Amino acid sequence: MGTVRRTGLIKSITSLLNFRLDKLISNLFVPMWDIFGNKEAFICEDKRVTYKEYMEKVFRIANGLHDLGVTKEDTVEVIAYNTIEHAELWFGAWFAGCTLVSMSWHEKGETFLSMVARREPKVLIFEDEFIDRINPIKDKLRSVEHYIVIGEKVPEGMISFEDFLANSSSEQPKYDFRLGISVNTSGTTGTPKGVRQYEAADNLLFNIGSLPPGAKSIKDILKYAIYLSAYGYYFGGGVKMKALGVVPLFTGTGIYSSLVLFLPYGTPCVFMREFDPEEVLKLIEKEKITFTILVPTMSYRILMLPDEVKRKYDLSSMRSVTSVSAPFYPEIKRGINELFIKQGCGGPVVHEFYAPVEAMNPITVLQPKDYLEKPKRIESVGKSGRMGDTRIVDEEGKICPPNKEGYVYVRTIGSLYISKLYDPRTTEERPQT
């Protein structure tokens, strides 16, 4: 009822004829956040934010961006660690109807300049720790009209993030909502490339009458939309969830694992500004974490902690330690399972999925029940067909038999709808195949 009231669509025959799915999507979040109210949404270090507080900040950011002249054609870029402010900026930009890009804070020099400038941001928002990287390249960032600084050190000519919020309205924005996700690749050679995932979201939500190549009917689209929403089911659904956001928010994995996946469902998320192996175990015990995503290197570093450190923590709350982004060797999977079982879990916790960022969701999924049934399955990346379609074909396009190498072809919402992406081998764009 809150959704209907806010959306104001179901008032007449005319409103039904002019139904706007984008209005409905944005207003689905707001009543839920109203209901969650004083429930914790995000936790980072000693800061804890409720859904009510989060919603107000999101609205202030959206209205503030519009006050700065940001439109749906513009891009906002963020350089920040895993923080609550970072999470607020994602939905704030989406409620403003624009695209938000999070930039890797690992990059420096010409690569840093190239990545920041390539998206032509109108607004650049960054933590004060990165002032020394921004100041020397300001003259080369011709698209940037406004600089907003998170922190206490704010150079002349730039805007304090706190002032930006204080001077903006906390009323719900009336602008067109856009799920403006655009992330950088990480497993490619050379400079990370941008993938405009908002193209898929725009088409799926607002142009569903226009079928993409490979889709024969609306039924096909619904199939892949269901795949897109199946994260919670495969990676720890069915229990009271609480996520630990370890993977940086400038990656697709970081966004989906801690923000897009859980925020709409009322699942609180605990952020780590930067990865620390013992801190992961400490936070699992302290906050009763049930879900996290770790890249294999992180899992390895946890296993390399001294035994006396690993045995200090109660890990019984954990239900899913999910791996992605790189090969996850079976001995590390078994080691993680052994550690968590010894420290209180009732069974194995290791999950894994395999996907390119362009796909927008996993194309294979490995669950504990798979390798409990057949132990050798732990050496795989899981089963296809759970969240997307996969085919392995030879150079002639024929499906390969088992144990023969070939090209991996996938079909998901991302591959259906994203019309262009950057070829990892070049700096030029090419049509998606």
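**Exercises on salt bridges and cores**

R334 is partly exposed, with a relative accessible area of 41%. The model used here is predicted.

**Exercise 1.** Find the salt-bridge partner of R334 and state where each of the two residues lies.

Solution. Step 1: the partner is E379, and the closest N and O atoms of the pair are 3.9 Å apart. Step 2: R334 belongs to helix α16, while E379 sits in the loop between α17 (368-373) and β16 (383-384). Step 3: the two are 45 residues apart, and the pair links distant parts of the chain. Step 4: E379 has a relative accessible area of 44%; buried means under 20% and exposed over 50%, so E379 is partly exposed.

**Exercise 2.** Decide whether E352 and K333 are buried or exposed, and describe their salt bridge.

Solution. Step 1: E352 and K333 form a salt bridge with the closest N and O atoms 2.6 Å apart. Step 2: E352 is in strand β14 (residues 350-354) and K333 in helix α16 (residues 330-342), 19 residues apart. Step 3: both E352 and K333 are buried.

**Exercise 3.** Work out how E338 and K342 are placed in helix α16.

Solution. Step 1: E338 and K342 form a salt bridge, with the closest N and O atoms 3.0 Å apart. Step 2: the residues are 4 apart in helix α16, so about one helical turn separates them.

**Exercise 4.** Give the number of residues in the largest nonpolar core and in another core apart from it.

Solution. Step 1: the largest nonpolar core has 66 residues, and W33, F42 and L65 are among those with the most contacts inside it. Step 2: the other core has 32 residues, including L281 and F340.

How values were computed
Residues numbered from 1 in each chain as written. Predicted model: local features only at pLDDT ≥ 70, side-chain atom pairs only at ≥ 80, totals over all residues. Heavy atoms only, no water. Core = buried A, V, L, I, M, F, W, Y, C linked by side-chain atoms within 4.5 Å. Buried < 20%, exposed > 50% of the residue type's maximum accessible area, 1.4 Å probe, protein only. Salt bridge = Lys/Arg side-chain N within 4 Å of Asp/Glu carboxyl O.
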